[in-house]
Amino acid sequence: MNSINQRGIGMTSQRTRERLINRLKEQGIKSETVLQAIRNTPRHLFIDEALSHRAYEDTALPIGFAQTISQPYIVARMTELALSLGKPNRLLEIGTGCGYQTAVLAQLVDRVFSVERIEPLLDRAIDNLANIGLSNVICRLADGTMGWEDRAPFDVILSAAAPQVVPPELLEQLAPGGMLIIPVGPEGEQMLTVVHHEAESGEMKTYPIEPVRFVPLLAGITQV
Ligand code: SAH
């Protein structure tokens, strides 16, 4: 596991953090590796100080620009899926947001490539990740609908925002044996979906996982 530096430990919130871990277990998260990464990740450092007393609740919280930090349960679920076929070497995350999910993933994967379309959020995420000492992440201001062609192929592509249909570019950038984890569908009707690129047949197999609520995957970038 790539580790987070001492600054992120925060003695005061140890009990509250353990309560969150217990809740994730009750909801069916089984991977000890994933639970440990969530336990180690100082979620309070990723959000506004005014909200930090709610950092270890299992809810999405506002991070500005009409976006939210992902709910710990969904971060755990998607991370568990990402590791389900073995440890990925190269993972593309779409929707860096404040960098919370990125931080969880970066502890478990060799290299994380992460794209975000809102510049001030991306800047904050880069600071947050450096602050806790994770250096195996490369971030980029870009429209993730297109994936990240120059860095492809990826063992896992994981999207924190929901398109109406799966963008074909993402499928093209999956390594053989790779997996796309993505919420798909209109607001109120999204399904967390896994598309597995089967190495032997070369076929793309789609598996519905569970109904979810994500912000929409939007085209273009926003610079401020
Ligand atoms: N995992 C993030 C949650 C971010 S919410 C966290 O834990 O903080 C989803 C993010 O996806 C938002 O920041 C939004 O700006 C971003 N997003 C939406 N469409 C996108 C696109 N086409 N390309 C890149 N990022 C996108």
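These questions and answers walk through a predicted model with a bound ligand.

Me: How many residues surround the ligand?
Reply: Look for residues with a heavy atom within 4 Å of the ligand. The closest are S70, E116, D143, G144 and L218. The full count is 26.

Me: What class of residue does the shell around the ligand hold in the highest number: nonpolar, polar or charged?
Reply: Sort the shell by class. Three residues are charged and 10 are polar. The other class has 13 residues, and it is nonpolar.

Me: How far from an oxygen atom of the ligand does a polar side-chain atom of E116 lie?
Reply: A polar contact needs N or O atoms within 3.5 Å. Backbone atoms supply some pairs: a backbone N or O atom of C98 lies 3.1 Å from a ligand oxygen, and one of R117 lies 3.4 Å from a ligand nitrogen. For E116, the side chain supplies the atom, and the distance is 2.6 Å.

Me: What percentage of the ligand's exposed area does the protein bury?
Reply: Start with the ligand taken alone. It then exposes 580 Å². With the protein in place, the buried share is 99%.

Me: Which element gives the most residues to the shell around the ligand?
Reply: The ligand takes up the space of the largest pocket. Elements giving two or more residues to its shell are β2 (67-69), α4 (100-106), β4 (111-116) and β11 (215-216). The top contributor gives three residues, and it is β2.

Me: Is the aromatic pair of F46 and Y100 stacked or edge-to-face?
Reply: A pair of aromatic rings is described by the distance of the centres and the angle of the planes. There are three aromatic pairs in the model. In this one, the centres are 5.9 Å apart and the planes meet at 75°. Planes over 60 degrees apart get one label: edge-to-face.

Me: How many residues apart are F46 and Y100?
Reply: F46 sits in the loop between α2 (32-40) and β1 (61-64). Y100 sits in helix α4. The pair links distant parts of the chain, and the separation in residues is 54.

Me: Which residue does a cis peptide bond join to A152?
Reply: Check omega, which is about 5° at this bond. The partner lies in the loop between β5 (137-141) and β6 (154-159). It is P153.

Notes. Residues are numbered from 1 along each chain as its sequence is written. This is a predicted model: local features need pLDDT of at least 70, side-chain atom pairs count only at pLDDT 80 or more; totals for chains, interfaces and linings use all residues. Side-chain values use heavy atoms; hydrogens and water are left out. A polar contact is a pair of N or O atoms within 3.5 Å; within protein, one must be able to donate a hydrogen and the other to accept it, and residues adjacent in sequence count only if both atoms are side-chain atoms. Accessible areas come from the Shrake-Rupley method with a 1.4 Å probe; for residues, only the protein chains shown count as cover. On a 1 Å grid over the protein atoms alone, a cavity is a set of points where a 1.4 Å probe fits but cannot get out, and a pocket is an open set with protein on both sides within 12 Å along at least five of seven lines; lining residues have an atom within 4 Å of a point. A molecule sits in a cavity or pocket if more than half of its atoms lie within 2 Å of its grid points. Helices (H or I, at least four residues) and strands (E, at least two) are DSSP runs, numbered from the N terminus. Ala, Val, Leu, Ile, Met, Phe, Trp, Tyr, Cys and Pro count as nonpolar, Asp, Glu, Lys and Arg as charged, and the others, Gly among them, as polar. Rings of Phe, Tyr and Trp (its six-membered ring) pair if their centres lie within 6.5 Å; planes under 30 degrees apart count as stacked, over 60 as edge-to-face and the rest as tilted.
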